[in-house]
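Student: I've just opened this one and I'm new to it. Could we walk through it together?

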Amino acid sequence: MHRLRALFPFSWRIFQFRPSNCETFINQMNKCTDEEQVFDLIERNKATLSEKQVGYAFNILWQFQKQKTSLLKNVEYVKDHPQFLSLCNLTRNKVGLMNDDTLVNVLYITQQFAVEAHDPLVEALITEAWRRLERSLSVLMVNTSSLISQHFRERLMNKTELLFDTIDSSQVNISRRIVQFLHNVKYTYYPLLERCNKIFLSNMNHLDLDSISKILGLYQGLQFHSFEFVIKAKKRLIEMIPLCDHPASFVKLFVALGPIAGPEEKKQFYSTILLMSEELTSQQALAVVEAMEEMESRNSRLIKKIASVLHKHLDDYKPIELLKIIRALIFLHFQSKELFVKLRKLLLGYLKISVMPREISILVCAVSMLPSPHLDEAVMSRIEAVLPQCDLNDLNIFATCVLRWIQCDHMNLDSITGKQLKLLQKLDHYGRQRLQKSNNLDRLWEEIKSVKGDWFAESLLEETVATLQHLMDEINYTNVAGIASFISRTNYLSTLLLDRIASVVIQQIEKIHPFSISAIIHPFSTLNYDPPQRNEFFGICIQHLNSYLSILDPLMLVFLSFSLATLEYFPEDLLKAIFNIKFLSKLDSQLELLPSSLNLKVQFHLMELNRAVCLECPEFQIPWFHDRYCQQQFNKDIGSMNGAHQQVYKMLTELLGGINCVKASVLTPYYHMIDFEFVLDKRRKPLPYGNHSIIFGQLPEMHQKSNTQKVGSGLPPGAERIALEFLDSRAFCKNIPHLKGKTAMKKRQLEILGYQVIQIPHFEWNSMALSTKDAQMDYLREYIFGEGK
């Protein structure tokens, strides 16, 4: 707000007033000693009040609040007073007559009185401010972001897009403020982000350390990925290394460049930070340890040193900062009884005085992450006190913490465990109650978008899906990608929701940004579901993407193409955009910038995509180039059979005539791993392999053939190679026995390779009907030798 005032070419002042009736009203207002007298005066004069008089009334009401201590403030009482509502209605009709100073002042005071973002007065004030501040719109956006309703947010976006063509391409600050606004309102609006990103790229040589650091942080918060910006920013930041010789600037450089730096640069960073560590302030030390977490640092000497600096400043940190410290130190495998005891003492102290649900959830989460956690009565009482005020995210945090405590306390079973279970029951109750009262999809999405964990999946998922189905008419182009992402995480197949998503995409595709398409398609792939308009749905998505293939993030293209391949959808243009030297070189460069876990995931998906295209679309003539990668993966990851697999293996040896007739843990061409393999001749009799023995946990056997050769070649006429797979719960949707996408794709590809595939679902094998060995043997015999089920 103070920045807004600076836009106007006159000083901040109390209002100039008309000499007659205006001055009389002002004089009377100045004599008021409390809000009731002000409201009485408004009631008696509301038919004749001018724009300056209503503005002055707001000013007086706020002056009364400023003069009170926090205990005596009565903001809620004033805001809900009938005459305050009358004042707001009167003011709304006079907004156009206000001078700039009055307009800004009233907008500021409505913010202090917590007037809702969708209030007609707030909307009228901001609309008028737009009209007056079109060259300074970005400043207005940043300073009023806390007042913006969703409807108004959309109008702001449209207005800003129209004005963008008038912005000079060198106006980096305007673009940065627009991105800041999007970050403040937690809205990843791709059209504006793309345009701002282009301005940042064209001005990269003029961006300083502060600007680059700020932009990278905002992008991370918005989950907006611009590979081109990161590459250019890295080059620019490396150039700044010799110039950053002060702790403040070097820490900022460390935070911005460290996570994307190479091994040598990281080594240099660690050495320099170690030398500067004693000079670090509390906030600088916090920034360093968070950056080290992101960098997955294993420099034990530096970790220990930064932890000592944090320890020295612990009393200066807010609850959310203490949580960040604990997360980072635990991730970095740091251990210090003295430090963790101090942290626990601080957190419990904050818990005793905290009254805000979000802060209490942060504190409880932090306490539960400390080594050897113990849930005492004081913590439980703080949780119970705020349950009625909690949203689903807070409830989920509490439930996750309680479950963690229960698991840690299993060695010390006392009365507290019963109280913990009762607390879980209360959390279930309030969670269901909140879902039943939900009547707005966007508000519900804000609560559930980051919710995950066992409690939610086991206790509230079905109720949540039912609520989403009840509100699914509100799914539209603004929220369809988010709802799709949520469904992907749940593994819960709701055909109603997926059909609605497909319908919205078909009807509103022009309003959906291509960057959202990958998230939209993902649940269909994960859950192995084709909507009724399958061809139209996928076709329109791919058509919408075609003009963006050259600028889409490489990671996004890999994930999107794999999702489509899982669904047996292979758009040739998309695949050729990936399987070429230029793209793969670009992807390699990006992989160097990624955290190790994401790096591994991308490489594995690229291998799976390469395998799918080679097997299912040989006409594209895309080569298989993952032999070395797969050999390295299987050399690193050799697992042993679990109990169920060993049980099935023993039964198979009995049924098939001995260990020479069945192989376990076999690697096929193209490196699919199958649980068991055997060969049946044309009369369905087992054929022995020859002498071999099985050692559980040994490197799986690989067929000694060309990867392009089908496994059936070399067998006697009419013989078949059988792949028998034992499917655990991960192979199925959570709510129904429906095969998920990757399991269905594997079956499809094994059949292409020449296998007859038998799949044994865990829920059949572990059922009461198969509770005896004889029943299990009959079950296997029917699948292998009979007509099949």
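**A strand, a core and a pocket**

Tutor: Sure, and keep in mind that this is a predicted model. Let's begin with strand S6 (residues 755-761), which is mostly covered, with six of its seven residues buried.

Student: Which strand is joined to S6, and how many bridges are there?

Tutor: The two strands run parallel. One pairing to look up is Glu-725, whose bridge partner in S6 is Gln-759. The strand joined to S6 is S5 (residues 720-727), and the number of bridges is seven.

Student: Stepping back, how many helices and strands does the protein chain have?

Tutor: The chain has 789 residues, and 54% of them count as buried. Among its contacts with a separation of 6 or more, 75% are between residues 24 or more positions apart. As for secondary structure, the count is six strands and 39 helices.

Student: Which helix gives the most to the largest nonpolar core?

Tutor: That core has 186 residues, and Phe-229, Leu-427, Ile-501 and Val-505 touch the most other members. Its top contributor gives nine residues, and that is helix H31 (residues 554-566).

Student: How many residues are in the second, separate core?

Tutor: Look for Met-29, Tyr-56, Phe-58 and Leu-125, which this core includes. Its total comes to 38 residues.

Student: Is Lys-79 buried or exposed?

Tutor: You'll find Lys-79 in helix H5 (residues 75-80). Leaving aside neighbours within four places in sequence, Lys-79 is in contact with Phe-84, Leu-85, Phe-113, Ala-114, Val-115 and Glu-116. Its relative accessibility is 12%, and buried means under 20%. So Lys-79 counts as buried.

Student: What about empty space: what volume does the second largest pocket have?

Tutor: Rolling a probe the size of a water molecule over the atoms shows where empty space is left. For the second largest pocket, the volume is about 350 Å³.

Student: And which residues are the closest to the centre of the second largest pocket?

Tutor: Helix H26 (454-470), helix H27 (480-490) and helix H38 (762-765) each supply at least two residues of the lining. The lining of the second largest pocket has 21 residues, and the closest to the centre are Ala-457, Leu-461, Thr-490, Asn-491 and Lys-734.

Student: How many residues of the lining of the second largest pocket are nonpolar?

Tutor: Set aside the six polar residues and the five charged ones. For the nonpolar residues in this lining, the number is 10.

Conventions
Residues are numbered from 1 along each chain as its sequence is written. This is a predicted model: local features need pLDDT of at least 70, side-chain atom pairs count only at pLDDT 80 or more; totals for chains, interfaces and linings use all residues. Side-chain values use heavy atoms; hydrogens and water are left out. On a 1 Å grid over the protein atoms alone, a cavity is a set of points where a 1.4 Å probe fits but cannot get out, and a pocket is an open set with protein on both sides within 12 Å along at least five of seven lines; lining residues have an atom within 4 Å of a point. Grid points are joined across faces, edges and corners, and a volume is the space filled by probe spheres set on the points. Helices (H or I, at least four residues) and strands (E, at least two) are DSSP runs, numbered from the N terminus. Ala, Val, Leu, Ile, Met, Phe, Trp, Tyr, Cys and Pro count as nonpolar, Asp, Glu, Lys and Arg as charged, and the others, Gly among them, as polar. A nonpolar core is a set of buried Ala, Val, Leu, Ile, Met, Phe, Trp, Tyr and Cys residues joined through side-chain atoms within 4.5 Å. Buried means under 20% relative accessible area, exposed over 50%, partly exposed in between (1.4 Å probe, protein chains only). Contact means heavy atoms within 4.5 Å. Two strands pair if DSSP finds at least two bridges between them.
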